[in-house]
Amino acid sequence: MTIRASKAERLADEELMPLIGEKDPDAFGVFYDRHGGVAYSLAYRIVGERGAAEDVTQEAFISIWRSGARYDAARGSVRTWMLGIVRNRAIDFLRSKAGRAPKLDFDDDSILEHRPAAERTESEALQRETAREVRGVLDELPGEQSKVITLAYFGGFSHSEIAGMLGVPLGTVKGRMRLGLEKIRGELAEGLT
């Protein structure tokens, strides 16, 4: 069953997913138009290269085309599901290029600003404020401590993977992580008093 693009544009993401599962090109086109920009933005922030971000985004959307019927509404919104796929593809790309440390610059605010206002909640506002504070403290850390924390928490890499990427011993990564996290805890605790 194929529907016209004009009709597909009026459907919610959750209503598009079964159509994408049936390989409806109009439904997929509408889905891509809605989410392609934010998907590319996330991929670019993770991989740090335009061409690689385009490849990651394309692979993610090909995966969505092939597995659209696997979306499970009980596990979250379509947008969250899609961004998870993009994130996983970007991390896979970085792991395949593990010889170099990725340049990560995370700004979750820009993703949230593109979301329709009805999807924002008080918990997201609190989460954004907390993330802003943590990023501020991260910027004050020495570069090597900030880098290992960013790779671990925002990049999803294990300590041993980070050691391999940076070419330093595992103990050095763990030490930098411990010192950095202690400084973050101290700075955030000062902010509460």
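These legends describe close-up views of aromatic side chains in a predicted model.

**View 1. Phe28 and Trp65 form an edge-to-face pair.** The model holds 5 aromatic pairs. In this one, the ring centres of Phe28 and Trp65 lie 5.0 Å apart. Their planes meet at 70°, over the 60 degrees required, so the pair counts as edge-to-face. Phe28 belongs to helix α3 (residues 25–47) and Trp65 to helix α4 (residues 50–67), so the contact ties together parts 37 residues apart in sequence. Phe28 is buried, at 17% relative accessibility. Trp65 is partly exposed, at 25%.

**View 2. Tyr40 and Tyr44 stack within helix α3.** The two ring centres of Tyr40 and Tyr44 are 6.1 Å apart. The planes of Tyr40 and Tyr44 differ by 20°, under the 30 degree limit, so the pair is stacked. Tyr40 and Tyr44 are 4 residues apart, about one turn of the helix. Tyr40 is partly exposed, with 22% relative accessibility. Tyr44 is also partly exposed, with 33%.

**View 3. Five residues make up one aromatic cluster: Phe28, Phe31, Tyr32, Phe61 and Trp65.** The edge-to-face partners Phe28 and Trp65 are both members of the cluster.

**View 4. Charged ends sit over two of the rings.** Lys23 places its charged end over the ring of Trp65, 5.6 Å from the ring centre. Trp65 is thus shown here with Lys23 and in View 1 with Phe28. Arg50 has its charged end over the ring of Tyr44, 5.9 Å from the centre. Tyr44 is the stacking partner of Tyr40.

Methods:
Residues numbered from 1 in each chain as written. Predicted model: local features only at pLDDT ≥ 70, side-chain atom pairs only at ≥ 80, totals over all residues. Heavy atoms only, no water. Phe/Tyr/Trp six-rings, centres within 6.5 Å; stacked < 30°, edge-to-face > 60°. Helix = DSSP H or I, 4+ residues; strand = E, 2+ residues; numbered from the N terminus. Buried < 20%, exposed > 50% of the residue type's maximum accessible area, 1.4 Å probe, protein only. Lys NZ or Arg CZ within 6 Å of the ring centre and 35° of its normal.
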